[in-house]
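Grab a pencil and work through a few exercises on reading helices from a model. Try each one before you look at the solution.

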Amino acid sequence: MHTIDTLLLQIINFSSPVIEECVSLRDAKVLRSLALSVSNENFITENQSKLLIKLLRENTAKISHFSQEI
């Protein structure tokens, strides 16, 4: 079981396919922005975490390597 922030970093840092090949460009930008916040040891807000969960749920089928963890 992974925490949401480590799962996000794994998805963003996955080398093939990259996130932009799996989800819409808008969603990829949001995910990358949230990952940057997490990797800089900043906390994300409650609203950002809700958005993150929403994006991951909507794109579960598209991010097939991580669908079980999501």
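The exercises below go through helix lengths, helix faces, one helix pair and a few single residues.

A word on ground rules: this is a predicted model, where local features need pLDDT of at least 70, side-chain atom pairs count only at pLDDT 80 or more, and totals for chains, interfaces and linings use all residues. Residues are numbered from 1 along each chain as its sequence is written, and side-chain values use heavy atoms, with hydrogens and water left out. Helices are DSSP runs (H or I, at least four residues), numbered from the N terminus.

**Exercise 1. Check the span of helix 3 (residues 25-39) against its 15 residues.**

Step 1: the expected span of a helix is 1.5 Å times one less than its number of residues. For helix 3 that gives 21 Å.
Step 2: the end C-alpha atoms of helix 3 are 21 Å apart, so the two agree.
Step 3: look just past the end, where helix 3 is followed by Glu41, with a positive phi near 60°.

**Exercise 2. Sort out which residues of helix 3 are buried and which are exposed.**

Step 1: set the cut-offs on relative accessible area: buried is under 20%, exposed is over 50%, and partly exposed is in between (1.4 Å probe, protein chains only).
Step 2: the buried set in helix 3 is Asp27, Ala28, Leu31, Leu34, Ala35 and Val38. These residues cover an arc of only 130° around the axis, which puts them on the same side of helix 3; the arc is that of the directions from the helix axis to the C-beta atoms.
Step 3: recall that an α-helix has 3.6 residues a turn, so residues three or four places apart point the same way.
Step 4: on the other side of helix 3, Leu25, Arg26, Lys29 and Leu36 are exposed.
Step 5: the cover over the buried residues of helix 3 includes helix 1 (4-13), helix 2 (19-22) and helix 4 (46-58).
Step 6: Ser33 also sits in helix 3, and at 44% relative accessibility Ser33 counts as partly exposed.

**Exercise 3. Do the same for helix 4.**

Step 1: helix 4 has 13 residues and reaches 18 Å from first to last C-alpha, close to the 18 Å expected.
Step 2: Leu52, Leu55 and Leu56 are buried in helix 4. They fall within an arc of 95° seen down the axis, so they line one face of helix 4.
Step 3: that buried set packs against helix 1 and helix 3.
Step 4: Glu46, Asn47, Lys50 and Arg57 are exposed on the other side of helix 4; for Arg57 the relative accessibility is 66%.

**Exercise 4. How do helix 1 and helix 4 pack?**

Step 1: their angle is about 50° and their axes are 12 Å apart. Axes are lines fitted to C-alpha atoms, for helices over the stretch in contact, and angles run from 0 to 180 degrees between N-to-C directions.
Step 2: helix 1 and helix 4 are therefore oblique to each other. Under 35 degrees would be roughly parallel, over 145 roughly antiparallel, 65 to 115 roughly perpendicular, and the rest is oblique.
Step 3: the contact (heavy atoms within 4.5 Å) is made by Ile4, Leu7, Leu8 and Ile11 of helix 1 and Leu52, Ile53 and Leu56 of helix 4.

**Exercise 5. Is Asn59 buried or exposed?**

Step 1: Asn59 lies in the segment after helix 4.
Step 2: with a relative accessible area of 2%, Asn59 is buried.
Step 3: leaving aside neighbours within four places in sequence, Asn59 is in contact with Val23 and Asp27.

Terms used
Helices (H or I, at least four residues) and strands (E, at least two) are DSSP runs, numbered from the N terminus.
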